[in-house]
Amino acid sequence: MEDEERGPQLSKRFMDDKGGGEVDYKSKAGTAWSHNFLNQKPWHPLSYPNQRRKWIAEQTHAQQQRRSEEVSREYSQEQEFFRQNALLSKKEKDKV
């Protein structure tokens, strides 16, 4: 199997015309395996379940943001109402 001059023999598939045993990567590109399976992995960002989870997370975040803005707006309106009541009651006490 081994030549003393060239080292270990490669299979015929990897032997080029020169017999050097080097692989021509330009002609072999894309023949070994493809990257199409990556989007089926559970950690890949382009897989459908991950895109769905991301969309749901964005929707719930936007809903929580809207709710917190609404709560803060209602709180400021209540505080303004109490402030106005305090001023009115203070003026009524001054009249008495």
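The following exchange concerns a predicted model and looks at Ser47 and its surroundings.

Colleague: Where does Ser47 sit in the protein, and what is the order of helices and strands along the sequence?

Modeller: Along the sequence the pattern is β-β-α-α, made up of two strands and two helices, and Ser47 lies in the loop between helix 1 (25-28) and helix 2 (48-95).

Colleague: Why is Ser47 called buried?

Modeller: Its relative accessible area is 4%, and since the word buried is applied under 20%, Ser47 is therefore counted as buried; across the protein, buried residues make up 6% of the 96 residues.

Colleague: What makes the pairing of Ser47 and Asn50 a polar contact?

Modeller: The contact between the side chains of Ser47 and Asn50 is 3.1 Å, which falls within the 3.5 Å allowed for a pair of N or O atoms. A polar atom of the Ser47 side chain also lies 3.1 Å from the backbone oxygen of His44.

Colleague: Which residues does Ser47 touch, if those up to four places away in sequence are not counted?

Modeller: With that restriction, Ser47 touches Asn39 and Lys41, where touching requires heavy atoms within 4.5 Å.

Colleague: What does UniProt list for residues 42-78, and how much of that stretch is helix?

Modeller: An unreviewed UniProt entry gives residues 42-78 as "domain: CBF1-interacting co-repressor CIR N-terminal", an annotation that may be inferred rather than shown by experiment. In the model, that stretch is 84% helix and 0% strand, with its end C-alpha atoms 48 Å apart.

Conventions
Residues numbered from 1 in each chain as written. Predicted model: local features only at pLDDT ≥ 70, side-chain atom pairs only at ≥ 80, totals over all residues. Heavy atoms only, no water. Helix = DSSP H or I, 4+ residues; strand = E, 2+ residues; numbered from the N terminus. Buried < 20%, exposed > 50% of the residue type's maximum accessible area, 1.4 Å probe, protein only. Polar contact = N/O pair within 3.5 Å; in protein donor to acceptor, adjacent residues only side chain to side chain.
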